[in-house]
Amino acid sequence: MCQCNTYMLFLERSEVKLPSLCDDCVINPPLCRCASLKYDSDLPSTSIIITFHNEARSTLLRTIKSVLMRSPYSLIQEIILIDDFSDDPEDCQLLAQIPKVRCLRNERREGLIRSRVKGANSATALILTFLDSHCEVNTDWLQPMIQRVKEDRTRVVSPIIDVISLDNFAYLAASADLRGGFDWSLHFKWEQIPIEQKMARSDPTQAIRTPVIAGGIFVMDRSWFNHLGQYDTHMDIWGGENFELSFRVWMCGGSLEILPCSRVGHVFRKRHPYDFPEGNALTYINIADRLTLRRKLNCKPFRWYMENVYPELRVPEQDAVSSVMKQGGLCLETRGPDLILAECRGLGVNRPQPQRWELIEPHIRQQDLCLTISGFTAGSKVVMESCSSKEPRQKWKPKGTALQHMVGGSAWTARPPPAPPSSPSVAPSWPVRPGSLRSSPERGERGETGGFWSRRTHICSSSGSKEDI
């Protein structure tokens, strides 16, 4: 008997009224192009891992049915259900009668993290796909993610996560211009793609770099998952595993992406439908083994993550840092409406106000005026303009001891006038003329005197020493 007939017979036998799947494709701008994309004919198959505890049987059936009906048959190696000690063990046993579905049941409550690790350890495919138990996958959801992981095994990819109404299970499309973020209370949030990333994307179907993923739905190479240490199995409660895994992926050599051409609907609950082990979500764990793993993998520090992956996340303690900006032995200062490079004068509170800059990421400001590039091309002038949180030309980020523009990746460089002062008793003070102080690529710019100027402007503390921000 063919797989499809066996599946339909099971649905008839189960006598469960299954909500119908969404018949219409989600309409959004990238979809027209998504339909024309081509994928390799030899994509590897995947093991789909779904954990659940006391999930409604009809909801589980909807998840499984959408996977089987909307995925190429050859790409589904297996669907592994991990029953985290639900009250009714028949839920998992009945579902295991569906072709390609197998059931693993915990002998006691283990929680999401250990249940997922159990499923991953029993998987036979080279690619792992983690799904929540209350989902509906959309048309052609799987091929884009497997393609990206096949091309680079260190990628961890997630779909656009649409909304399934908790009240009537209607399928509602989410924006395709969002990425995952968080605040310092470690609350996950969806946020708009930064303007510089939007400008760099020439095709709306291109992958979106994301600092973190939501955690419930993603695809990952099995060997890469094992290499990175899987999940931290000391975590009893779900809700933080997505941060821990996201940080580890980025800091230990991988990347996170959201793919606009892959869509999966998800039921977002308003409350927890079950109790936590020990009756408390506030638990503390020993992370000694994770620190050992971090050293073993030679992972980068969290500062690197903030500077290179999530520079938009502002550190509260650094919201207002009074600094100077030096290039070589000269300091950047304002003189009236102009910018100049001049001799550094004074220390700390004794430094003159025109040489004191306030660093409030992403702005570099003096009072109500901010450093601004006049354009996004190499050679654009640097000027002072009224500060605006919506102005991308004013967005800078620290990179090591340097400052880099967040849009074009430009760094500071200066070009002296043709004839600098020759008197040895007079310190040079070069005014900014048209083209004198410019942003330029990191490779440096040859000045008119023939020498190379410093490639970046260093951020210095008020004492004049360089700081590694």
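This is a chat about salt bridges, backbone angles and strands in a predicted model.

Me: What kind of model is this, and how are residues numbered?
Reply: The model is predicted: local features need pLDDT of at least 70 and side-chain atom pairs count only at pLDDT 80 or more, while totals for chains, interfaces and linings use all residues. Residues are numbered from 1 along each chain as its sequence is written, and side-chain values use heavy atoms, with hydrogens and water left out.

Me: How many salt bridges are there?
Reply: The count is 28 salt bridges. A salt bridge here is a side-chain nitrogen of Lys or Arg within 4 Å of a carboxyl oxygen of Asp or Glu.

Me: Why can such side chains pair?
Reply: Side chains of opposite charge can pair when their charged atoms come close.

Me: Which residue does R33 meet in a salt bridge?
Reply: R33 meets D203, at 3.2 Å from N to O. The pair links distant parts of the chain, 170 residues apart: R33 is in helix α2 (residues 31-34), and D203 is in the loop between α7 (195-200) and β10 (208-209). Helices (H or I, at least four residues) and strands (E, at least two) are DSSP runs, numbered from the N terminus.

Me: Is R33 buried or exposed?
Reply: R33 is partly exposed, with a relative accessible area of 43%. Buried means under 20% relative accessible area, exposed means over 50%, and partly exposed is in between (1.4 Å probe, protein chains only).

Me: What about E257 and R155?
Reply: Their side chains also meet in a salt bridge, at 3.5 Å from N to O. E257 lies in strand β12 (residues 255-267) and R155 in strand β6 (residues 155-164), so the pair ties together parts 102 residues apart in sequence. E257 is buried at 8% relative accessibility, and R155 is buried at 15%.

Me: And which residue pairs with E333 in a salt bridge?
Reply: R345 does, with the closest N and O atoms 3.2 Å apart. E333 lies in strand β14 (residues 330-335) and R345 in the loop between β15 (338-343) and β16 (357-360), so parts 12 residues apart in sequence are tied together. E333 is buried at 2%, whereas R345 is partly exposed at 32% relative accessibility.

Me: Which residues are linked in a network?
Reply: R108, E110, R114 and D236 are linked in a network of salt bridges.

Me: Changing topic: what is the phi of K100?
Reply: Phi of K100 is near 75°, a positive value in a residue other than glycine. K100 sits in the loop between α4 (90-95) and β3 (101-105) and is partly exposed, at 24% relative accessibility.

Me: And N298?
Reply: N298 has a phi near 55°, also positive in a residue other than glycine. N298 is in the loop between α10 (288-296) and α11 (302-308) and counts as exposed at 66% relative accessibility.

Me: Now strands. Why is β18 largely enclosed?
Reply: Because 4 of the 5 residues of strand β18 (residues 369-373) are buried, the strand is largely enclosed by the rest of the structure.

Me: How does β18 pair with β17?
Reply: Strand β17 (residues 363-366) and β18 are antiparallel over 2 bridges; two strands pair if DSSP finds at least two bridges between them. R365 stands opposite C370 in β18. The two strands form a hairpin with 2 residues between them, and Q367 in the turn has a positive phi of about 55°.

Me: What about β18 and β19?
Reply: β18 pairs with strand β19 (residues 382-386) in the antiparallel sense over 5 bridges. I373 has V382 in β19 as its bridge partner.
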